[in-house]
Every structure is written in C-alpha cells, then in structure tokens.
Amino acid sequence: MRLRTLTLAAASGAALLAAGALPANASAASAPRPAPTSAQEGTVSAADLLAKVTSCTQISNGKYKTDDETSATIPVCGKNGAVFWKADMDIDCDGQRTTNCNENRDPWYQDDTAFHQSDGKPLKAESLPYVVVPSSSGIWNYAGAGIKGGGVVAVIYNNKVEYAVVGDTGPTKIIGEASYATAKALGIDPDPATGGVDSGVTYILFKNSKVSPIESHSAAVTVGDQLAKRFIENN
C-alpha cells in the first residue's frame, strides 16, 4: 500500500468459501500459476458484468479520492452479493521482492502485504493478481460489508475481465489500486513508479468469498467465474 500524488502519475484444491456454497465440483489446482499476459478469464463477459453496475446504491458513508490531490468523488456501491466501485488503477508492488517489485523499482515499496500466503509469507505483487481495499475508517469498513482477505474480485478494464483476490489494504481516504500482475494482465502499464491508468477500471468484490490458498490464481478464476454467473443472475 502507498500514498500517491497526481504529479507522480499512477505512482501516487480447496478453492472456496462463498456466501452460498458453490457446487461441490468447483475445485481448482492449489498451486499458483503465473498471471496471464492478456485477460478474458472465465466465461462471463465484461459487458454482461458492466451492465449490472450502471447505477450505484451508495453504501459508504462518504466518498474516496483516487489520489492525494484529487477530490473525493468515488463511492462504494452495493449490489446483491457484491460491492463495487469505479476508479483509477495505481500499481501496488508490495510484498515479496521480485525482479520488478522492489525498493529500486518502486519508491513506495513495502516488503509486506496485509494478507499473507498459506506459508505465512507476504504476497507476490508481480505474479499474483490482487486488489487493494481502503483500510477501515468512518467512510467504509470493508470487513463489515463481507469483504475479507482472499476474497474474489472481478476487475474490468477495456472490455477485459481479470479475476483477482483482496490482497492488501491502503490509505483510508484513497481507492483504486491493484497489484503489478493485475495491471499487466489487463494491458495497463504495471510500472510501480510511472504506470497505472487514470480512470475506467471497475472493481466488483464478491461478498463472503475467499480463495484458499490465497496465492492460487487458478482458484480465483474458478471461483470468480461461478460467482460472476451468480451475480448476473441475482442482479
């Protein structure tokens, strides 16, 4: 997690616990796999998901900024089985040191993440698609909304869908951040210092979901696809 400023661009098989039990055959390999270089994961299209989030029933007590220097304009919205927001994407490169995520590449680098792998180590931002949620505050308490570490997120950008997990927490007043791997999969510049995108990213977080182990991206895709189908049916 980190604070960002506009002047620095975007730098400023046991796979589930879900609200209702998914089918018993919804298993996935527990071993993590590399993040894809292009994204249309699962069988639910970006258009079908976006059609369900055209209007917002605000559940946050206030709104968030996308960067330190912007106005607070982003609400957290509620839907049946999910919460969502539409924002920018700043790049989170925190966690285990890798080739592209380290203190030499990222001026805001931190060697830990709020949630950890099954072996207790921090997550790997370079290879694991994950999303950052604002730390709990008077604006919004993510845990109280059924969002937890390892929860499944559908991240949509430029008509692509990438499934990620809730992997880190960020500032209490800023929203719109995801890991290096998430950005790369969606075709967004993942550079932690200069990358990201200013707008156009939709984050749909499925309530009471959890991928285990959190580092298994294939599990996130399997569970996410089923939750996305349920989301379409229930909204």
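**Strand β5 and the aromatic pairs**

In this predicted model, strand β3 (residues 130-134) pairs with β5 in the parallel sense over five bridges.

Q: Which residue in β5 stands opposite proline 134?
A: β3 and β5 are parallel partners. Proline 134 faces a residue of β5, and that residue is glycine 170.

Q: How many bridges join strand β4 (residues 152-157) to β5?
A: β4 and β5 run antiparallel. They form a hairpin with two residues between them. Within this pairing, alanine 154 stands opposite tyrosine 163. The bridges joining β4 to β5 number six.

Q: Why is strand β5 (residues 160-170) described as largely enclosed by the rest of the structure?
A: Buried means under 20% relative accessible area. β5 is largely enclosed because the buried residues among its eleven number ten.

Q: Is the aromatic pair of tryptophan 85 and tyrosine 203 stacked, tilted or edge-to-face?
A: A pair of aromatic rings is described by the distance of the centres and the angle of the planes. Here the centres are 5.9 Å apart and the planes differ by 35°. Angles under 30 degrees count as stacked and over 60 as edge-to-face. The pair of tryptophan 85 and tyrosine 203 is tilted.

Q: How many residues apart are tryptophan 85 and tyrosine 203?
A: Tryptophan 85 lies in strand β2 (residues 82-92). Tyrosine 203 lies in strand β7 (residues 197-206). The pair links distant parts of the chain, 118 residues apart.

Q: What is the relative accessible area of tryptophan 85?
A: Tryptophan 85 is buried. Tyrosine 203 counts as buried too. For tryptophan 85 the value is 0%.

Terms used
Residues numbered from 1 in each chain as written. Predicted model: local features only at pLDDT ≥ 70, side-chain atom pairs only at ≥ 80, totals over all residues. Heavy atoms only, no water. Buried < 20%, exposed > 50% of the residue type's maximum accessible area, 1.4 Å probe, protein only. Helix = DSSP H or I, 4+ residues; strand = E, 2+ residues; numbered from the N terminus. Pairing = 2+ DSSP bridges. Phe/Tyr/Trp six-rings, centres within 6.5 Å; stacked < 30°, edge-to-face > 60°.
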